[in-house]
Amino acid sequence: MRTRHVNLLVALVAVLLFSFSCFCISRMTHTGNQLTNCRNQISEFKETILRLKNKTEINRQELIKAFNQMKYKLAEREDALLNSVKKKVNALNKNETVSNAFEVLRFFFPHLRKVDRIYPDVIIGKEKTGVSFALGISTVNGGNHSYLKRTLTSVISRMTLSEEKDSVVIVSVADSNEDYLKSVVDMITKKFKRQLMSGSLEVISIPAYFYPNISHAKQSTDDSEKLESWRIKQVLDFCFLMLYAQPKAMYYLQLEDDILANKMYLTKITDFIHNITSNNWFYIEFSVLGFIGKLFKSEDLIDFVHFFLMFYKDKPIDLLLGDIFQVKMCNPGETLEKCTERNKHIRIRYKPSLFQHVGIQSSFPGREQYFKEI
């Protein structure tokens, strides 16, 4: 009887163990299937990520390509615009009208009578006209001492946008050195591209054939003769620039390439002109130094140039400016001081000065100058 019970118990345990084994095998199979499914899902996810990554890379490459194309198109458009404002005079259409202001030079310089047309060699800009102010800056190669960029930054940045639209700044390169001309053009097209595009800034170069033969003074070893040659050329440089600017604006303001302008200088000039009760003024001095800051009515510029060209060999241009005032406004035998006092409403001096001279190294080689406005 006991043996029978033991056998039954063993059989029951065996059945339970078998059932448990079957259950475990079933669970393990199910878990294995789940692990296999999980591995498959992970593999699919990896493939999806790789596809997305490849697609993203393709899209990135396409975006870069599109961006580069856009950049190239913009660069092409900028180059086209710059080329449209760069003009070699030799390429001008023969039917294009040109100012006759330069024709007066044939009277003073016989060698120009053989020249077909007197005009700047290079004109970079829109050749803007019909504005209130033309501001003239003559520049020559000063070697390592160049103040032009600083001067232009000062002159342009201290205008309002409306003043900029109603004016044109003319940089006249009065130097036969082509490398210097190229450096000026490169600097302006990079630093002042917007003003160049809008027409509020121009660059011209004076043709070498314009100057009469003064080479003997240049070749001389005598410093006084070299200085005389430099002064003669400076007068001629100013005359050429004034003739170019004359048809462009109502007023012409003479500046130099080594000055700084005061804040709101053009606003102050405009207000001062409008507050003058009489329009019978000769010129206005917005600086007492040399030829800096002298304002002329454009309609009078030709008369000034005529006088300067008559005596360009005799005196610097700032002294000639005093002479023309004395010739036109003073009575015979009258002292300049008395004449100036009597005509102070005609030859007007604005105070305080609106321009400061900052250049130390003169354009005359080896000469330094420390002139400052008080």
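**Entry 1: the whole chain**

I began with burial, and I noted that 43% of the 374 residues in the protein chain are buried. I should write down at once that this is a predicted model, so that I keep it in mind when I read any value below. Going through the secondary structure, I found 12 helices and 11 strands in the protein chain. I then looked up the accessible surface of the protein chain, which comes to about 22,400 Å², and I saw that carbon and sulfur atoms hold 56% of that surface. For contacts with a separation of 6 or more, I noted that 75% are between residues 24 or more positions apart.

**Entry 2: strand 9 and its partners**

Next I turned to strand 9, which covers residues 294-297. Are its two faces covered or open? I found both covered, since Lys294 and Phe296 on one side are buried, and Leu295 and Lys297 on the other side are buried as well, under the cut-off of 20% relative accessible area.

I then asked which strands pair with strand 9. Strand 6, residues 249-256, runs antiparallel to strand 9 and is joined to it by four bridges; in this pairing I located Tyr251 opposite Lys297. Strand 8, residues 283-285, also pairs with strand 9 in the antiparallel sense, over two bridges, and here I noted Ile284 with Leu295 as its bridge partner.

**Entry 3: salt bridges**

My reason for looking at charges is a general one: side chains of opposite charge can pair when their charged atoms come close. How many salt bridges are there? The count comes to 11, and I followed some of them up one by one.

In helix 5, residues 178-191, I found Lys182 and Asp186 four residues apart, about one turn of the helix. These two residues form a salt bridge, with 2.8 Å between the closest N and O atoms. Lys182 counts as exposed because its relative accessibility of 51% is over the 50% cut-off, whereas Asp186, at 27%, is partly exposed.

The salt bridge between Arg342 and Glu334 spans 2.9 Å from N to O. I checked the burial of each partner, and I found that Glu334 is buried at 14% relative accessibility, while Arg342 is partly exposed with a relative accessible area of 38%.

The next pair I looked up was Glu341 and Lys344, whose salt bridge has its closest N and O atoms 3.1 Å apart. Glu341 is partly exposed at 48% relative accessibility, and Lys344 counts as exposed at 53%. I also noted a network, in which salt bridges that share partners join Glu285, Lys294, Arg347 and Arg349. I had already met Lys294 as one of the buried residues of strand 9.

**Entry 4: Val305**

Last, I chose a single residue, Val305, and asked in which helix it lies. I placed Val305 in helix 10, which covers residues 301-310. Is Val305 buried or exposed? Its relative accessible area is 1%, so I recorded Val305 as buried.

I then wanted to know which residues Val305 is in contact with, leaving aside its neighbours within four places in sequence. I found Cys239, Met242 and Leu243 as its contacts. I also looked up the separation between the C-alpha atoms of Val305 and Leu236, which is 9.3 Å, although these two residues are 69 residues apart along the chain.

Notes:
Residues are numbered from 1 along each chain as its sequence is written. This is a predicted model: local features need pLDDT of at least 70, side-chain atom pairs count only at pLDDT 80 or more; totals for chains, interfaces and linings use all residues. Side-chain values use heavy atoms; hydrogens and water are left out. Buried means under 20% relative accessible area, exposed over 50%, partly exposed in between (1.4 Å probe, protein chains only). Two strands pair if DSSP finds at least two bridges between them. A salt bridge is a side-chain nitrogen of Lys or Arg within 4 Å of a carboxyl oxygen of Asp or Glu. Contact means heavy atoms within 4.5 Å. Accessible areas come from the Shrake-Rupley method with a 1.4 Å probe; for residues, only the protein chains shown count as cover.
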